[in-house]
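Student: Could you help me understand how the labels on a protein model are earned? I would like to go through them one at a time.

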Amino acid sequence: MGAGGRMPVPSSSSKKSETDAIKRVPCEKPPFTLGELKKAIPPQCFKRSIPRSFSYLITDIIVASCFYYVATNYFSLLPQPLSYLAWPLYWACQGCVLTGVWVIAHECGHHAFSDYQWLDDTVGLIFHSFLLVPYFSWKYSHRRHHSNTGSLERDEVFVPKQKSAIKWYGKYLNNPPGRIMMLTVQFVLGWPLYLAFNVSGRPYDGFACHFFPNAPIYNDRERLQIYLSDAGILAVCFGLYRYAAAQGMASMICLYGVPLLIVNAFLVLITYLQHTHPALPHYDSSEWDWLRGALATVDRDYGILNKVFHNITDTHVAHHLFSTMPHYNAMEATKAIKPILGDYYQFDGTPWYVAMYREAKECIYVEPDREGDKKGVYWYNNKL
């Protein structure tokens, strides 16, 4: 995540780019340490600035407010055919801007917004609650994802299945209509299903729900803050109820509900493409270590949306290595560590709308490495 521009996409032929994109990254212990990577990054990249952090948040709020103002004051004046075009345009633009707000709230959960934990938690609670995200609940489960990335036993989300765990109906969905249906369900329902029922998450003993303070996801020190997360969600839901009562359910759905669906879809899409790629390994407990797990991620190119999403898309590798670094410095950090990472750095410039279908086709399950002697290293396969 960074705000200083996008990583350049290699100017090679499409065939060569595709070959490079799916070339497996090294799975051996890297010849560098996290300390060496940190030394290569200019010290100012780790400095958090309250004015600068708020400038991105306030900008997003102003843009979202302008979209809301135009929709509520001028769409009703449009002739009928134009309104059918105006609303989808509003939904797409508002959904993208609010995804940027979501990213900043996510950054608060990593203590990357400011030097003050109370300020980060206050900002994160307000704006994640506005987007119906239980702030503290997700903050803790997401931190555990960062602590266990790439681990088949302990990672929190998008944990790939092994072939033996594929359901009997999997082979019937392994075709274009089936993949489109699965992607649609994943992007529309994936986020609320994960929060409520831990769908696609790490298996737990007991009811693993982000809204349940006694869920096995959390320890005793965290449970009180789960109540605070729930209170934030309930407050926003009450506000939406009052708005719908005053302005109508249709107005609430059009102005807030549909953009929120787009936010949720982008959240799932971004996370899915960051951690799902034919070139990325996964590890069992015999091979996993934190650094190799953190490197089992990929930077993607979303075009102009990289800027809208505060570059959470194309600096994700650096984010996993140094998650307390503010997003506006992550691009500079990425450029600094790329020469050291070498082949351990994975960037795929495939357009996201192409990549999501390719990964759904190629990354169905993982199996142990067949090309080497590392039985604890797993790679994606799609042969059912």
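Tutor: Gladly! Let us start with Arg292, which has a relative accessible area of 4%.

Student: Why is Arg292 called buried?

Tutor: Buried means under 20% relative accessible area, exposed over 50% and partly exposed in between (1.4 Å probe, protein chains only). Arg292 has 4%, so Arg292 is buried. Bear in mind that this is a predicted model, where local features need pLDDT of at least 70, side-chain atom pairs count only at pLDDT 80 or more, and totals for chains, interfaces and linings use all residues. Residues are numbered from 1 along each chain as its sequence is written, and side-chain values use heavy atoms, leaving out hydrogens and water.

Student: What makes Arg292 and Asp289 a salt bridge?

Tutor: A salt bridge needs a side-chain nitrogen of Lys or Arg within 4 Å of a carboxyl oxygen of Asp or Glu. Here the N to O distance is 2.8 Å, so the pair fits the rule. Asp289 is at 18% relative accessibility and therefore counts as buried. Both residues also belong to a network of salt bridges with Lys29 and Glu287.

Student: Which residue does Arg300 form a salt bridge with?

Tutor: Its partner is Glu359, with the closest N and O atoms 2.9 Å apart. Arg300 is at 2% relative accessibility, so Arg300 counts as buried, and Glu359, at 0%, counts as buried too.

Student: Arg144 and Glu222 also meet in a salt bridge. Is Arg144 buried or partly exposed?

Tutor: Arg144 is at 21%, so Arg144 counts as partly exposed. Glu222, at 9%, counts as buried.
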